Amino acid sequence: MAVHFGEDFDKEDAAKLQKEFFIYKKSSRFPIEEMLFPDVKVVLQRLSETKLKIGLATSSSHEEIAEVLDTHNLRKYFEVISSGEDFPESKPHPGVYLSAMKQLNARASDVLVIEDSPNGIAAGKAAGATVWAIRDQRFDSDQSQADRRVEHLTEVLELLGFS
């Protein structure tokens, strides 16, 4: 998220707001259980049985990533984990995807990105990947820029012939 406050906005105030937001975010209970798609474990397990390389490219912080992956024992499925926290620009900038592709030694034309947000879809497309959007029941986001839309992750397995 980017906010432009104008030239006369005090940088000290901006730093204070950023710090207050960070403290608020740390004190707020992140609904980890509600954020995962219900079939994510089954799909990751099945994909891990193939010869496909699996990477995670997210705008989330390292701390949030660790909490989700470790709480649900998902870390073992990812060969690469790329956090937007490590880049000066977040999605829709493609940096987090380009980095993950480089670490996976994968050509963009061989990469399938599964996304749910408009910014994530734009980032995947800007990185040169094929992007499929998974319908997110919680938000009614514009996913029209995706190459394909799926209703659930298990559908991805079916379309790839891994069901």
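**Note on the predicted model**

1. Arg46 has a relative accessible area of 29%, so Arg46 counts as partly exposed. The side chain of Arg46 is in a salt bridge with Glu49, and the closest N and O atoms of this pair are 3.3 Å apart. The coordinates are those of a predicted model, and the points below should be read with that in mind.

2. On confidence: the mean pLDDT of the protein chain is 83, and 79% of the residues score at least 70. Residues 1–6 have a pLDDT below 50, and beyond near neighbours in sequence this stretch makes 0 contacts in the model. Where pLDDT is low, predicted coordinates should not be read in detail.

3. On the overall layout: the protein chain holds 7 helices and 5 strands. Read from the N terminus, the order of elements is α-α-α-β-α-β-α-β-α-β-β-α. Of the 163 residues in the protein chain, 31% are buried. The exposed area of the protein chain is about 10800 Å², of which carbon and sulfur atoms supply 52%. Taking contacts between residues at least 6 apart in sequence, 51% join residues at least 24 apart.

4. On helix α5: this helix spans residues 95–104, and its buried residues are Gly95, Val96, Tyr97, Ala100, Met101 and Leu104. An α-helix has 3.6 residues a turn, so residues three or four places apart point the same way. That spacing can be compared with Val96, Ala100 and Leu104, or with Tyr97 and Met101, among the buried residues of α5. The cover over the buried residues of α5 includes β1 (55–58), β2 (80–83), β3 and α6 (118–126).

5. On the end of α5: Asn105 comes just after the helix and takes a positive phi of about 55°. Asn105 belongs to the loop between α5 and β3. With a relative accessible area of 68%, Asn105 is exposed. Asn73 also deserves a look: Asn73 is not a glycine, yet its phi is positive, at about 55°. Asn73 sits in the loop between α4 (62–71) and β2.

6. On the peptide bond before Pro92: Lys91 and Pro92 are joined by a cis peptide bond, with omega at about 20°. Pro92 is part of the loop between β2 and α5. As background for this point and the previous one, most residues other than glycine have a negative phi, and most peptide bonds are trans.

7. On salt bridges: the count comes to 6. One of them pairs the side chains of Arg107 and Asp110, at 2.8 Å from N to O. Arg107 is exposed, with 57% relative accessibility. Glu151 and Arg135 form a salt bridge through their side chains, with an N to O distance of 2.5 Å. Glu151 is in the loop between β5 and α7 and Arg135 is in the loop between β4 and β5, so this pair ties together parts that are 16 residues apart in sequence. Both ends are partly exposed: Glu151 has a relative accessible area of 39%, and Arg135 has 29% relative accessibility.

8. On Gln143: is this residue buried or exposed? Gln143 is buried, at a relative accessible area of 8%. Its place is in the loop between β4 (130–134) and β5 (148–150). The side chain of Gln143 makes a polar contact of 2.8 Å with the side chain of Arg149. Not counting residues up to four places away in sequence, the contacts of Gln143 include Glu115, Asp116, Ile121, Ala133 and Ile134. Arg135, which is in the salt bridge with Glu151, is also touched by Gln143.

9. On Ile114: strand β3 (residues 112–115) contains this residue. Ile114 is partly exposed, with a relative accessible area of 31%. Leaving aside neighbours within four places in sequence, Ile114 contacts Trp132, Ile134, Leu153 and Val156. The C-alpha atoms of Ile114 and Leu56 are separated by 9.9 Å, although the two residues are 58 residues apart along the chain.

10. On the nonpolar surface: which residues make a nonpolar surface patch of about 280 Å²? Leu52, Leu112, Ile114 and Leu160 make this patch. Leu160 belongs to helix α7 (residues 153–160). Leu160 is partly exposed, at 34% relative accessibility. Patch membership needs over 30% relative accessible area, a cut-off to set beside the 31% of Ile114 and the 34% of Leu160.

Key: Residues are numbered from 1 along each chain as its sequence is written. This is a predicted model: local features need pLDDT of at least 70, side-chain atom pairs count only at pLDDT 80 or more; totals for chains, interfaces and linings use all residues. Side-chain values use heavy atoms; hydrogens and water are left out. Patches are made of residues with over 30% relative accessible area and no salt bridge: like charges are joined within 9 Å, nonpolar side chains (Val, Leu, Ile, Met, Phe, Trp, Tyr) within 5 Å. Accessible areas come from the Shrake-Rupley method with a 1.4 Å probe; for residues, only the protein chains shown count as cover. A salt bridge is a side-chain nitrogen of Lys or Arg within 4 Å of a carboxyl oxygen of Asp or Glu. Helices (H or I, at least four residues) and strands (E, at least two) are DSSP runs, numbered from the N terminus. Buried means under 20% relative accessible area, exposed over 50%, partly exposed in between (1.4 Å probe, protein chains only). A polar contact is a pair of N or O atoms within 3.5 Å; within protein, one must be able to donate a hydrogen and the other to accept it, and residues adjacent in sequence count only if both atoms are side-chain atoms. Contact means heavy atoms within 4.5 Å. pLDDT is the predictor's confidence in each residue, from 0 to 100.
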